[in-house]
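Work through the exercises below with the sequence and the model at hand. Each task is followed by a solution in steps.

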Amino acid sequence: MTISSLHRLRLRARSSSRFGLGIRWLSAAALSCAATLAQAAGFAFIEVPADKDGPALRGAVWSPCSTQPGRIDLAPLVLQGTRDCAIAGQGLPLVVVSHGAGGSALGHHDTAAALADAGYVVAAINHPGDNFQDMSRQGHLSAFATRPVDMRRLTDYMLGAWPQRAQLDAGKVGFFGYSRGGYTGLVAIGAKPDWTLRPDLCPPLTMRPLCGEIRRNEIPATPAPDPRIKAAVIVDPLSVFDAKGLGQVSVPVQLWASALGGSGVTLQSVEVLRAGLPRAPDWHVAANAEHYAFLAPCSPALAEAAPEICRDAAGFDRAAFHQTFNAQVAGFFQRHIPASKAP
């Protein structure tokens, strides 16, 4: 991808309304990988084949690797890791990752690498119609309906067709979701959305297609939950859930909120979610953090290409925060779907 094409995508992303509810930018995200992907993680691209439930899903896998990380050249991208490394270990837990609006599989690469370094296999995909290359359905409720299906298909692939599937423990599946990906994770563990709960997301004069769909009660059916998921990390999620809609959620949840919010996510909306979960979550508020603080720290190149998602509140150190954040995420999964031992 050329820099000019990145620029065009960035301009397109800026034209999105605040109901994007997540990342609308990751056309440039891979430019940041060289600066922050430092763990001894194996890295490989994957493609989940198209089937009756949807198109092909493109993404990436991070895995435990005994080789020290090196330089991976994917012009114009440079990553630190070991490409197609032999996976270290057996009976490995799987964590599947769902990105925010207009994002990509690389949006949380530092967290994925940290989990791989702790003994987890981590798989992430680009959600069709709601990723940096294709935003054709981003403004429609259909994007929310297909996201949990995408993640089920990803899990099916990793456990059933991925070449290294024999090294996974099918009884240890976790979920990590950010922004719209947090919504996705909640549905995947049994939550039922109510799109009438957040009228602030659809002001009276908005032309956003999904707002018209909500007003006309053209709400797609909610996909069935995935019982294979044993624990979920839900990060600054889009919340359109109340206690009734959350009543069937039974798995352990680690719930993160940014104190300052953004892109349709507010601390208050996430606190409502916290109060409505039938099982008290492992609750964290990122002090002085805006919504994008949970994305991987930005390299200078990414900060120049997409300053809107790299600029943090005064005094907030994203790199330092991610050291704590990644450790807390890994610790939560270790308590609920433990890896045998980091390689």
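**Exercise 1. Find the exposed and the buried side of helix α7.**

Solution. Step 1: Gln 268 and Ala 275 are exposed, on the other side of α7 from its buried residues. Exposed means over 50% relative accessible area, buried means under 20%, and partly exposed is in between (1.4 Å probe, protein chains only). Helices (H or I, at least four residues) and strands (E, at least two) are DSSP runs, numbered from the N terminus.

Before going on, note that this is a predicted model, in which local features need pLDDT of at least 70 and side-chain atom pairs count only at pLDDT 80 or more, while totals for chains, interfaces and linings use all residues. Residues are numbered from 1 along each chain as its sequence is written, and side-chain values use heavy atoms, with hydrogens and water left out.

Step 2: in α7, which spans residues 267-276, the buried residues are Ser 269, Val 270, Leu 273 and Gly 276. These residues cover an arc of only 120° around the axis, so they are on the same side of α7. The arc is taken from the directions that run from the helix axis to the C-beta atoms.

Step 3: the cover over this buried side includes α5 (180-188), β9 (253-258) and β10 (282-286).

**Exercise 2. Describe how helix α3 is covered, and what follows the helix.**

Solution. Step 1: α3 runs over residues 109-117, and 8 of its 9 residues are buried. Step 2: among them are His 109, Asp 110 and Ala 112. Step 3: just after α3, Gly 119 has a positive phi of about 105°.

**Exercise 3. Place Ala 296 and list its contacts.**

Solution. Step 1: Ala 296 sits in the loop between β10 and α8 (300-305). Step 2: its relative accessible area is 5%, so Ala 296 is buried. Step 3: leaving out residues up to four places away in sequence, Ala 296 touches Gly 107, His 109, Asp 110, Arg 318 and His 322. Contact means heavy atoms within 4.5 Å. Step 4: Ala 296 and Ala 112 are 184 residues apart along the chain, and their C-alpha atoms are separated by 9.9 Å.

**Exercise 4. How many salt bridges does a search of the whole structure find, and what do selected pairs link?**

Solution. Step 1: the search finds 14. A salt bridge is a side-chain nitrogen of Lys or Arg within 4 Å of a carboxyl oxygen of Asp or Glu.

Step 2: in one of them, the closest N and O atoms of Glu 47 and Arg 58 are 3.4 Å apart. Glu 47 belongs to strand β1 (residues 41-48) and Arg 58 to strand β2 (residues 57-64), so this pair ties together parts that are 11 residues apart in sequence. Glu 47 is partly exposed, at 40% relative accessibility.

Step 3: Arg 147 and Asp 130 form another salt bridge, at 3.1 Å from N to O. Arg 147 is in helix α4 (residues 142-160) and Asp 130 in the loop between β6 (121-125) and α4, 17 residues apart. Arg 147 is buried at 1% relative accessibility, and Asp 130 is buried at 0%.

Step 4: Asp 226 pairs with Arg 228 in a salt bridge, with the closest N and O atoms 2.9 Å apart. Asp 226 is buried, with a relative accessible area of 9%, whereas Arg 228 is partly exposed at 22%. Through shared partners, salt bridges join Lys 52, Asp 53, Arg 152, Asp 156, Asp 226 and Arg 228 into one network.

**Exercise 5. Which residues have the most contacts inside the largest nonpolar core?**

Solution. Step 1: a nonpolar core is a set of buried Ala, Val, Leu, Ile, Met, Phe, Trp, Tyr and Cys residues joined through side-chain atoms within 4.5 Å. Step 2: the largest has 50 residues, and Leu 154, Met 158, Trp 162 and Phe 241 have the most contacts inside it. Helix α4 gives the largest share of this core, 5 residues. Step 3: a second, separate core has 41 residues, including Phe 43, Ala 112, Ala 113 and Ala 289. Step 4: beyond its neighbours within four places in sequence, Met 158 is in contact with residues including Ile 46, Val 61 and Leu 94.

**Exercise 6. Summarise the whole chain.**

Solution. Step 1: the chain has 10 helices and 10 strands. Step 2: of its 343 residues, 60% are buried.
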